[in-house]
Amino acid sequence: MAQDTAEQSASPDTQRVELPETQPEEAEGKAIVVTGSRIKTSTFNSPSPIAVIDPEIAEKRGVIDTAEMIQASPIASGSAQVTSAISSNFVTDGGPGASTISLRGLGANRTLVLLNSRRAGPAGTRGAVSAFDLNVLPQSIIQQVQIEKDGASSVYGSDAVAGVVNILTKTHTEGLELSATANVSQDGGADQFRMSGAWGTEWGGSLGGHVMIAADYYKQTELAQGQRKYLDCPEDYIFDKSGSRIDLVDPRTNSQRCAQLSWGQVYLYDYSYLYGVDSNTIGTNGRRIGRIGYSYPGENLGNYVPGIVATNPWQLNAPGFYGMGYSPASGAIDHLYKNPMYGAATVIPQTKRLTFYGDASVHLGEHVEAYVEGLWNRRETYQNGFRQFWNYTYTGNFDGGGFGDPRITNITGAYILSPTPITDHADSSQRVDYWRAVGGLRGDFGSFLNGWTWDGYVQYSKSKGSYTNDQIYKDSVDQQTFRTDFCTGEFSAVRHAPCVDMNWTDPAFLAGEFTQAQRDYLFGVETGHTDYSQLNGELSVTGSVITLPAGDLGVAGGITVRRDSIYDRPGDITYALIYGEDPNDPDSYINNSWGNTSSGITAGNAVTKEVFAELDVPLIYNTPFVQQFTVSGSARLTNYTATRKSDGAKASDNGNWTYKVGANWQVNDWLRFRGTYGTSYRAPALFEQFLANQSSFIGQRSIDPCINYGTALAAGTISQLVADNCASDGIGPTYPGGAATATVLSGGGLGVVKAETSTAKSVSLILTPRFDFLPGTRINLAVDYFDIRVKGEISQLGAANIVFGCYNSNFFATDPLCSLFTRQTTAPVNAISVVHDSFINVNEQENEGVDVTANVAQDLGSWGRAEFTAEMTWQMKDTKALYAGTLEDFNGRAGEPIWTGGFNLLWTKGTWSFYYGLNVIGGTSDVDAFIQDNGATCLTSALFPSGYCEKLRVSPVYYHSLSITKELANLNITLGVTNLFNTKPPRVSVYGNGEISTFGQSVFSSQYDLIGRRGFVTVKAKF
């Protein structure tokens, strides 16, 4: 490759490539193209920093998955990535099971992935498909990955805002190659197995060419929550001011309580005051008892907390139930402890992949070569889950005179109840078929334009995904809500299913033990389908215009046309036909999934037309202090038109110019400077324009700053401006919040969203000293400064930001944000009813930092050769602003460490090689963010009236790997250990911690290993 090690990232998977001491004679006449430029050159002078990842080195540390290999590079590990575990437990673009790459933390939509230097179409499920899914291409087929670490839209087009990941596949294979790998964890779960094979041949002559075909099968077993203690039981993990741990202790286990999702509980809404009686759901500490839980066999909750005694018909009478969560004692016995459903829940999903790949070329004479490339991949993933669900109803005797829900036979009193059962009917699975075909011609112009080459190709890719989800029928839950009679003979509103009477406060029902009739009535399964296709063609030429005194003036140019299209139809529950309605009428469909985001059909296409040009000008050569000085430039003009399928509505964005300039100053044999400055562009993703209107639900307390704003103002958690605006809206200082949830409506922004723009600059110092007294030593060092700024990011503000931004505005109530939500004028008065949160151009984001890359290689004579490589990234700034006045710096917080590093040492002696790798994730702290949101890190609560302190700092984490490889005749065997010291993910406080995402006891971020120590073996054979 035409890159010296000093300008490559020395991640644990980096391949060292030598930089000769002088201009390489062997490179003369051998023009090559390196990621970041389309101009062929025989010099080693790319102005852009390029990281190179070698899959063979990755295998030496036990990595056999493409996503894991690329995401582990320090350029990526400095920010949170979407892994299969993350996408299976959070809502992410591409759907569950997807794995993407986000350079510099700017998002996968702003990182362009190329496959053999050509744009690769996205893959995934659900409407928000936009980024390339790294599951598509198995690591066994990859020859090398080149990462350009600055913006490159002028060279490669839209999306190359943060950089470009160019995955280069194997092409020239001679004979048959077979490989098998097993990577097995010490404690079980997430075991990986891979088998692959490739066959190829080459031939010469006037019709010379090559052909290569390959196949790969990969399987990863599930890692369930219960298979690791640190993932299973989220203890409070809080401390007093002296540093002593003060978690609540569960008297049933005599251990720190597990603060998981509550289950088997009934939430209470007290209306006994309507009848002039004192409430009996006030604890001895004066706090209201907001929920009760049943004492199941063996729990004996009455031994730990007092029962609730009713002295009249309007007070709560719930035999066997006890108050929970209102005091330390009741918090300790809360139904948050381990339930069998919890332990079975998926952390890392079971994944199976099957891939076939082929590549061939043939010369059609002296000046023309035809080439083809084909890829087919199937991914199947499965997630086990559990969830709460609830409804609202009366007690069996609400008014003391018989009014109420006749099915609720075990609870009486003037209370509205919200029973909250748990269920394991929450599984999901996905199957994604992806195929890609490329066909093209390339060649030169012969003596007509000596040295000029051309390339024209057509590429088509398609992702065809299906996603199956367990659902709860909304019409069934609605039919059970606020009943005052039995429902026998009635039918549900959407499905027309016969109603089933059930007691929602039955302890067995609350614990998820349902009869078959109840299951059939409440639960269903649906399958949605997502198709995403991309068709693009490109024609380009490159060559030398003139020979200047300092070298050839190189140019490149071309045109490209691309059409992307998406069609996503949710399943028949999320997009349900109302019984008896016209299936051809879109208004006949409704969301019938309880508690899930609704969605309609997302469909449309976009056509992109571009022209581009590039220039490389050598200005000075072989003068004092300037061995060589070149400047380069590129520009691209992009026109974009999007069309929504449902109504044919169009939106165009034309005349978008992007450019990039660079300079390379080779001072002498050992010192070089380089730098770039450019602009980039990202056209709106299809889902950002066409996403069908969706509805979801969010808690009032999560979004409304006017709830109890008098107390919040006194505590200093809101400003006087917010309080004044709440008051001017007619809301009192003790307003309790009204309803439990608000509806959030979102959808695509066709005609509203515009393209994102960005600027990127990089400056580098490169040292490649050679010493006569160390003839066998190679030393390379590069320091790269980068700064990428994105303006007009396409995003959603979020319901909480919309509401808070309105009340925090000096222009309340005419601020545009105030028009995006409404409050109810009928009961419950002032509750936020609807928030509109569609895609708009609002965000601004900046990432600034320094990469340091080092490589030292030493010839040890008869002892072989040793090589040490290192790459470190210091992140200096990682800011994001949703709108003016909301700039927030995430640098150094969980998931965004200031520093990350990758180090590896390889010693090769004869047929033996020994590898040691070290990945380091720098420490993080969310203390400042927590103080900003809560006022302090030591607080008080009903469960900890004497106070508690949060642990929000994470120490650096070190992951070690070892392996040994033996080469035999036609056979290669590698044995090794990953995560040698079984390092667990770091811990932070779980109780009261709204700043850091956690899973069980652990920080849940892509940088941290969730599996633990594992051993691996790889066997390769060649025939």
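These legends go with a set of close-up views of a predicted model.

**View 1. A nonpolar patch on the surface.** Five side chains make up this one: L176, L178, W199, I213 and F1023. Together they offer about 500 Å² of accessible area. W199 sits in strand β7, which spans residues 192-203. How much of W199 is accessible? Its relative accessible area is 39%, so W199 is partly exposed.

**View 2. D334 in its loop.** Here we look at the loop between α7 (328-332) and α8 (340-343), which is where D334 is found. Is D334 buried or exposed? With just 3% relative accessibility, D334 counts as buried. Leaving out residues up to four places away in sequence, D334 touches R252, R257, Q265, R291, M324 and G325.

**View 3. Helix α16 and its cover.** Helix α16 runs over residues 799-807, and its buried residues are A799, I802, V803, G805, C806 and Y807. An α-helix has 3.6 residues a turn, so residues three or four places apart point the same way. What covers the buried residues of α16? Among the elements doing so are the helices α13 (700-703) and α15 (720-728). Strands β32 (694-699), β33 (741-746), β36 (821-823) and β37 (832-836) are part of the cover too.

**View 4. A929 and its contacts.** A929 belongs to helix α17, residues 927-934. At 10% relative accessibility, A929 counts as buried. Which residues does A929 meet, once its neighbours within four places in sequence are set aside? They are R893 and E995. A929 and R893 are 36 residues apart along the chain, and their C-alpha atoms are separated by 8.5 Å.

**View 5. The D433–R378 salt bridge.** The structure holds 52 salt bridges, and this view picks out one of them. The side chains of D433 and R378 meet at 2.6 Å, N to O. D433 lies in strand β22 (residues 428-444) and R378 in strand β17 (residues 368-383), so the pair ties together parts that are 55 residues apart in sequence. The two partners get their own accessibility labels: D433 is buried, with a relative accessible area of 9%, whereas R378 counts as partly exposed at 26% relative accessibility.

**View 6. The K464–D531 salt bridge.** Next up is the salt bridge between the side chains of K464 and D531, with an N to O distance of 3.4 Å. Which parts of the chain does the pair link? K464 is in strand β23 (residues 453-472) and D531 in strand β24 (residues 523-548), distant parts of the chain that put the two 67 residues apart. K464 counts as partly exposed, at 40% relative accessibility.

**View 7. The D787–K761 salt bridge, plus a network.** Side chains of opposite charge can pair when their charged atoms come close. In this view, D787 and K761 form a salt bridge at 4.0 Å, N to O. The pair links strand β35 (residues 777-795), home of D787, with strand β34 (residues 756-767), home of K761, and the two residues are 26 residues apart. D787 counts as buried at 4% relative accessibility, while K761 is partly exposed, with a relative accessible area of 35%. Also worth a look is a network in which salt bridges that share partners join R104, K149, R674, D784, D851 and E871.

Key
Residues are numbered from 1 along each chain as its sequence is written. This is a predicted model: local features need pLDDT of at least 70, side-chain atom pairs count only at pLDDT 80 or more; totals for chains, interfaces and linings use all residues. Side-chain values use heavy atoms; hydrogens and water are left out. Patches are made of residues with over 30% relative accessible area and no salt bridge: like charges are joined within 9 Å, nonpolar side chains (Val, Leu, Ile, Met, Phe, Trp, Tyr) within 5 Å. Accessible areas come from the Shrake-Rupley method with a 1.4 Å probe; for residues, only the protein chains shown count as cover. Helices (H or I, at least four residues) and strands (E, at least two) are DSSP runs, numbered from the N terminus. Buried means under 20% relative accessible area, exposed over 50%, partly exposed in between (1.4 Å probe, protein chains only). Contact means heavy atoms within 4.5 Å.
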